[in-house]
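Let's take a walk through this one together. Have the sequence and the model side by side as we go.

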Amino acid sequence: MKTTVCEIGNALENIGLVSIVVPVYNASKFLHRALDSILWQTYPHWEAILVNDGSTDNSLEILQQYAQQDARFKVIDKPNGRAASARNSGLDVAQGNYIAFFDADDMLYPQFLEIMLKTLKRDKVDLVWCKSKDCNEDACLDFCKTYTSYEVCYQENPLNWYSLGKKPHLPLPVWGKICRADLIKDLRFLKEFKVLCEDGYYSLQVFDRCNAVANVRNYLMAYRQNQDSSMHKKYSFNRVDDEILMAKLTLINTRDYNYFQAACRKFSENIFEYSFVQPYLLKLDNYMDFWKKYSIECHKLVDDKVYFPQCLPLWKRVLASLALHQKWGALRCGLNLYLKFRK
């Protein structure tokens, strides 16, 4: 990995059209600030495809207002089909040379497009991602903030980079990234996922097609901690099932041996964490239901070569063995020690 400091300069050339795909569902509380952050981009060559996914509030009315004021905003109105369906609808009509995904409750710094596209063109990478700043629901972005320089680091073979957990960590959510459209124009989000991971699995497929990616080490977007979003929904069996489905799809379709080994470790840790650790850590009343269900499920996953407890670190390997053999009392004691150690 190499790191470079780049000067922004005054020249603002037309690097190509960027399609920004924005799924919208009952986001009227945040829409004005989100769409204003697109409108005030220093790079003007963009189209924002606003997909109203069956909102029951006045989101559609707000989207239409912006489309009337600026033709670069394009509205699609469709019945509710969740984020994967909405993003696919946006991809179907995207005309840009580059693709970016944006959530309706987040905000972009004014130079997001300018800096990201300059990095894509100058360094001839396939995908660029930036740092994002967490903010609360009521936060407003400082639209006057500008950078005169920015720091970039480069990563080759991003799929292995992600699986090995190298730093800076390559995030799975699709927002905060821009990718070449010709690289991903045929990819679509899978609707089989119930809660999360439709963008996680999509990102893994994108990483697999990228030879090199770049990370802008400056804050170029703000991620709003919206308590009503799917990321903050109550922990559920669907959450765990999605992680397992992503592991199955990824490992079944992987032919690279080195990546397969890294992915086995990565997904095995995820499955153990979400099936056994998180329900207990979150003090869910029904944590035993998770343990009983996924102890049986994990036996099947071992047979199907999707879950590899032997790949886990020693602590987790012992705990995973207790879970597989349904030693609930020992598992509770072990988890208490493990969580105390982890803190």
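A residue counts as buried under 20% relative accessible area, exposed over 50%, and partly exposed in between. Keep in mind that this is a predicted model. With those cut-offs, C311 comes out as partly exposed, because its relative accessible area is 27%. C153 is buried, at just 2%.

While we're on cysteines, how many disulfides does a search of the whole structure find? Zero. For C311, the nearest cysteine sulfur belongs to C264 and is 5.5 Å away, and C311 is in no disulfide. As for C153, the closest cysteine sulfur is that of C6, and at 11 Å it is too far for a bond. A disulfide here would need the two sulfur atoms within 2.5 Å.

Now hop over to helix α2, which covers residues 59–69 and includes S59. Is S59 buried or exposed? It counts as buried, because its relative accessibility is 0%. Its side chain makes a polar contact with the side chain of D57, at 2.7 Å. Setting aside neighbours within four places in sequence, S59 also touches V24, N26, A27, S28, L31 and N52.

Last stop: helix α9, residues 257–281. Its 25 residues, at 1.5 Å each, should span 36 Å, and the end C-alpha atoms are 34 Å apart, so the two figures agree. Don't picture a perfectly straight rod, though: α9 has a kink of about 40 degrees, centred on E273. After α9 comes K283, which has a positive phi, near 55 degrees.

How values were computed: Residues numbered from 1 in each chain as written. Predicted model: local features only at pLDDT ≥ 70, side-chain atom pairs only at ≥ 80, totals over all residues. Heavy atoms only, no water. Helix = DSSP H or I, 4+ residues; strand = E, 2+ residues; numbered from the N terminus. Expected span 1.5 Å × (residues − 1). Bend = angle between axes of the 7 residues up to and from the residue. Buried < 20%, exposed > 50% of the residue type's maximum accessible area, 1.4 Å probe, protein only. Polar contact = N/O pair within 3.5 Å; in protein donor to acceptor, adjacent residues only side chain to side chain. Contact = heavy atoms within 4.5 Å.
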